[in-house]
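Biologist: I would like a close look at a single part of this model. Please take one helix and work outward from there.

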Amino acid sequence: MYDQFDPYRGCPPLAPASAPDLQRRQRRTAIVAGATSVLAAATVLGLIYATSQPAVVNGIGSSVQADPAMDRQGSGARPPVGSKAPVGSSTTASAAQQIGVVDINTVLKYQQAKAAGTGMVLTSTGEILTNNHVILGATSISVRVVTTGKTYQATVVGTAPTRDVAVLQLTNASGLQTSNLGDSAGVKVGDAVTGVGNAGGDGGMPSAAQGAVIALDQALTASDANGQNPERLTGMIETNAAIQPGDSGGPLFDSANHVIGMDTAASVARRGTAAGFAIPIATATSVADEIEAGRASSTIHLGYPAFLGVSIAANSASRGAQIQSALAGGPAQKAGLGAGDVITSLGGTPIQSGTALRAAITAHKPGQDVAVAWLDTTGQAHHATITLIAGPPD
């Protein structure tokens with residue numbers, strides 16, 4: 001998931017994806033903590049769909065891999081292309097449930113891939129709430145408003161990667177119907193809920209998966225398929241609604257069709273019990289408020305990140321960050337950096353590792369010039385001033 005070409009430091013590109021058609025872009029292995037949770041250990045997935053060509057490098061650290069897809073009953077079989085849900089687990093969303101729902105489609109050109117998810121309209125002028133992992137690595141984003149069928153291009157207002165929240169802005173949008181946000185503070189175990197979204201990633205009428213709240217305040221420790229990049233999500237609403245890939249970023253409704261959560265992940269326990277997890281809407285909108293207010297921080301990233309265009313070898317040099325590959329036409333490659341070179345400083349900051357390189361670039365913005373020093377494969381020292389560009393959202 002996060003083991004690809006990072007805008008700050010990067011990692012080696014993955015082998016080509018081996019399965020055709022619709023594939024899940026992210027697979028997360030997680031331990032679900034909570035006194036009332038029935039899941040001792042589970043596979044948790046970010047619920048988007050992706051159509052993949054062979055995976056190459058991307059700009060931010062997401063990957064498209066073949067993954068045996070978990071269907072909505074958790075059987076391990078991939079839903080057919082175009083299928084909204086297995087029989088008996090879902091219906092079509094009602095007219096009231098479609099208001100404020102959007103389909104989000106992204107292109108990840110550095111991976112030669114496409115992905116799809118769901119979002120919710122926050123303002124009549126086109127601010128959209130979704131999961132960060134829905135737009136992770138996107139080089140272009142289009143958003144289709146379900147109730148009108150109209151499609152808009154979107155830009156990233158900001159992201160909160162560790163909280164899996166993102167805010168988009170539609171271009172030239174006005175007069176949109178907004179989502180009917182409710183009060184997640186009053187949610188109780190046993191409450192009836194419905195998860196609505198772009199299940200299957202094929203657009204059209206959104207699906208509606210009914211269920212009930214089975215636990216509150218759940219904590220997930222999620223990581224990618226190889227166990228790297230753990231991410232802690234807390235305060236989650238756990239349901240038995242059979243959500244599926246494509247639903248991420250979509251609304252979780254209460255029985256009165258008020259949005260009480262944002263569907264984010266699904267899991268299958270060892271015994272095959274399916275569960276869905278949603279970020280409480282109060283939590284998601286509070287993060288969105290920080291983004292909209294322009295409050296950048298270590299957890300709130302505004303706009304697009306700076307982009308150097310290198311991947312770093314897994315076993316990097318001890319005295320710097322060793323380049324595994326440089327993106328063709330990227331800032332680093334244009335400056336003369338290539339595979340095997342070792343970056344030793346950036347912007348006056350000594351670089352001892354890939355992690356240090358990431359931190360150094362985080363301190364800069366797209367369009368800024370930075371001094372970069374490196375050693376080539378013969379040990380000869382070089383330096384250049386490189387203009388960072390905007391990378392895909394992180």
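Biologist: Which residues are exposed on the other side of α5?

Modeller: T355 and A359 are the exposed residues there. Keep in mind that this is a predicted model.

Start with the helix itself. α5 spans residues 354-362, and G354, L357, A360 and I361 are buried in this helix. These four share one side of α5, because they cover an arc of only 120° around the axis. There is a general reason to expect such a pattern. An α-helix has 3.6 residues a turn, so residues three or four places apart point the same way. T355 and A359 sit on the other side of α5.

Next, the cover. Strands pack over the buried residues of α5, and the covering elements include β19 (306-307), β20 (310-312) and β21 (321-326). Also among them are β22 (342-346) and β23 (349-350).

Now the cores. The largest nonpolar core has 26 residues. L129, V165 and M262 have the most contacts inside this core. Six elements need naming here, as each gives two or more residues to the core: β11 (165-170), β13 (207-223), β14 (231-239), β16 (259-269), β17 (274-280) and α3 (281-292). The top contributor is α3, with five residues. A second core is separate and has 20 residues, including A306, A321, L346 and I361. I361 is also one of the buried residues of α5. As a general matter, nonpolar side chains tend to be buried together in soluble globular proteins.

V165 deserves a closer look. Beyond its neighbours within four places in sequence, V165 contacts L129 and M262. Its other partners include T130, N131, N132, T159 and A160. I279, A284, V287 and A288 are also in contact with V165.

Back to the region of the cover, at Q333. This residue lies in helix α4 (residues 331-334). Q333 has a relative accessible area of 36%, so it counts as partly exposed. The side chain of Q333 reaches the backbone nitrogen of G329 at 3.1 Å. Leaving out residues up to four places away in sequence, Q333 touches A326, L327 and A328. Q333 and V310 are 23 residues apart in sequence, yet 8.0 Å apart in space, C-alpha to C-alpha. V310 falls in the range of β20 (310-312), one of the elements covering α5.

Last, a buried threonine for contrast. T194 is in strand β12 (residues 192-197). Its relative accessibility is 9%, so T194 counts as buried. Residues up to four places away aside, T194 touches Q97, A208, A209, Q210, P251, L252 and F253.

Methods:
Residues are numbered from 1 along each chain as its sequence is written. This is a predicted model: local features need pLDDT of at least 70, side-chain atom pairs count only at pLDDT 80 or more; totals for chains, interfaces and linings use all residues. Side-chain values use heavy atoms; hydrogens and water are left out. Buried means under 20% relative accessible area, exposed over 50%, partly exposed in between (1.4 Å probe, protein chains only). Contact means heavy atoms within 4.5 Å. A polar contact is a pair of N or O atoms within 3.5 Å; within protein, one must be able to donate a hydrogen and the other to accept it, and residues adjacent in sequence count only if both atoms are side-chain atoms. A nonpolar core is a set of buried Ala, Val, Leu, Ile, Met, Phe, Trp, Tyr and Cys residues joined through side-chain atoms within 4.5 Å. The arc is that of the directions from the helix axis to the C-beta atoms.
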